[in-house]
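Me: Got a minute to walk me through this one? I'd like the overall picture before the details.

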Amino acid sequence: MEKAEKDSTYDEHRSECLAAHQPALERSWIFHLHTLWLFTKTDLKTVIAPTATFAICCGLAEHAAQDPSVNIQTTLLKLFKRLPHVLIWTWSNLLLLNLANQRLPASILEDSVNKPWRPLPSNRMTPDETRHLLLWLLPTVTLLSWHLNVANESILGLVFIWMYNDLEGSGEGWFTRNALNAVALANWDAAATSIILKRKGSAELTNRTWVWLYAVVAVIMTTVQVQDLPDIHGDRAADRKTMPLVVGENVTRWLTAAVVILWSFTCPRICDLEVFGYLLIMTTRLETLVRVDDDLVHSAGL
């Protein structure tokens, strides 16, 4: 039985490798769809889900601010009807970002260590094929953004992508890396909120929503380094100056945990939550300190 499973795994891997070396036009559409999925797989829970959640919550808040007697169920139904637009726009921009990032030599080197299953290190696509896909995707995403009235946000996002990847902002230092991540993700949050509310760009969002967007920038800026912890070996191979490599893994863990606790007090205050809101958030955040201690024990091999 074990031998049969090994043979099956080997045959599956061999088939994928052979398919990857075929000309692009000869590969199946399932192969191409799976390849696109692999480009964005790791960012679904860190980008797509938070962006959609932010848009829905802000949509509810803006409707309630305009009409305090608004029916929440009716409003949610309206917002969820617009959710597919948000998901399509966010995913297409995320794909654009990941194509631009993962095709770079330093990224291929890093992914060969940290994520060898990604399309480029696994030879499912070549850097040149990725470049060709970018040439088609750029105008497509721009037209989609224009149709949804968020062309300005999309173009601003392209500027951040250019700075992060081609100008090597991601390797400039952990502060620049964190800052670019923070403003880029907040820009996508603003666009997603505009789309779900059918606004003509983020300029029409309320001052309250902008306060939350500034809070998003600050929170991401001070916590996004946690995503660099699992990628230490690949980042070291690519000579990236991430926070775990600059100040140390243990210091990064404890600093991030402390900042999370701080934001757990500050964010409820920004949202004007009652005492129960504080208790609910703090109960889950205090667990962070326990997890950090456990992570340190496991990383030390104890």
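**Overall picture**

Reply: Sure. Of the 302 residues of the protein chain, 40% count as buried. Keep in mind that this is a predicted model.

Me: How many helices and strands does the protein chain have?

Reply: There are 13 helices and zero strands. Read from the N terminus, the elements of the protein chain are α from start to end.

Me: And what share of the contacts with a separation of 6 or more is between residues 24 or more positions apart?

Reply: That share is 71% in the protein chain.

Me: OK, helix packing. How do helix 2 and helix 4 cross?

Reply: Helix 2 covers residues 29-40 and helix 4 covers residues 72-102; their axes come within 9 Å and cross at roughly 80°. The two helices are therefore roughly perpendicular to each other.

Me: Which residues make that contact?

Reply: Helix 2 brings Leu36, Phe39 and Thr40, and helix 4 brings Trp91, Leu94, Leu95, Asn98, Leu99 and Gln102. By class, the contact of helix 2 with helix 4 has six nonpolar, three polar and no charged residues.

Me: What about helix 3 and helix 8, at what angle do they cross?

Reply: Roughly 50°, with the axes of helix 3 (residues 44-66) and helix 8 coming within 8 Å. That makes helix 3 oblique to helix 8.

Me: Is that crossing right-handed or left-handed?

Reply: The crossing of helix 3 and helix 8 is right-handed. On the helix 3 side the contact is made by Val47, Thr51, Phe54, Ala55, Ile56 and Cys58, and on the helix 8 side by Leu185, Trp188, Asp189, Ala192, Thr193 and Ile196. Those residues divide into nine nonpolar, two polar and one charged.

Me: You mentioned Cys58 there. How many disulfides does a search of the whole structure find?

Reply: Zero. Cys57 is in no disulfide, and the nearest cysteine sulfur to its own, that of Cys58, is 7.0 Å away.

Me: Why is there no bond from Cys58 to Cys57?

Reply: Because the sulfur of Cys58 is 7.0 Å from the one in Cys57, which is its closest cysteine sulfur, and that is too far for a bond. The cut-off for a disulfide is sulfur atoms within 2.5 Å.

Me: Is Cys58 buried or exposed?

Reply: Cys58 has 2% relative accessibility, so it counts as buried. Cys57, at 47%, counts as partly exposed.

Me: Changing topic: where is Leu205?

Reply: Leu205 is in the loop between helix 8 (174-196) and helix 9 (207-223). Its relative accessibility is 6%, so Leu205 counts as buried.

Me: What is Leu205 in contact with, leaving aside neighbours within four places in sequence?

Reply: The list is Glu62, Ala190, Thr193, Ser194, Leu197, Arg199, Trp210 and Leu213. Take Ala190: Leu205 is 15 residues from it in sequence and 8.2 Å from it in space, C-alpha to C-alpha.

Me: Last one, Asp111. Which helix is it in, and is it buried or exposed?

Reply: Asp111 is in helix 5, residues 105-114. With 2% relative accessibility, Asp111 counts as buried. Leaving aside its neighbours within four places in sequence, Asp111 is in contact with Gln102, Pro116, Arg118 and Pro121. Gln102 came up before, as one of the helix 4 residues in the contact with helix 2.

Conventions: Residues are numbered from 1 along each chain as its sequence is written. This is a predicted model: local features need pLDDT of at least 70, side-chain atom pairs count only at pLDDT 80 or more; totals for chains, interfaces and linings use all residues. Side-chain values use heavy atoms; hydrogens and water are left out. Axes are lines fitted to C-alpha atoms, for helices over the stretch in contact, and angles run from 0 to 180 degrees between N-to-C directions. Angles under 35 degrees count as roughly parallel, over 145 as roughly antiparallel, 65 to 115 as roughly perpendicular and the rest as oblique. Contact means heavy atoms within 4.5 Å. Ala, Val, Leu, Ile, Met, Phe, Trp, Tyr, Cys and Pro count as nonpolar, Asp, Glu, Lys and Arg as charged, and the others, Gly among them, as polar. Buried means under 20% relative accessible area, exposed over 50%, partly exposed in between (1.4 Å probe, protein chains only). A crossing is left-handed if the near helix is turned anticlockwise from the far one by less than a right angle, and right-handed if clockwise.
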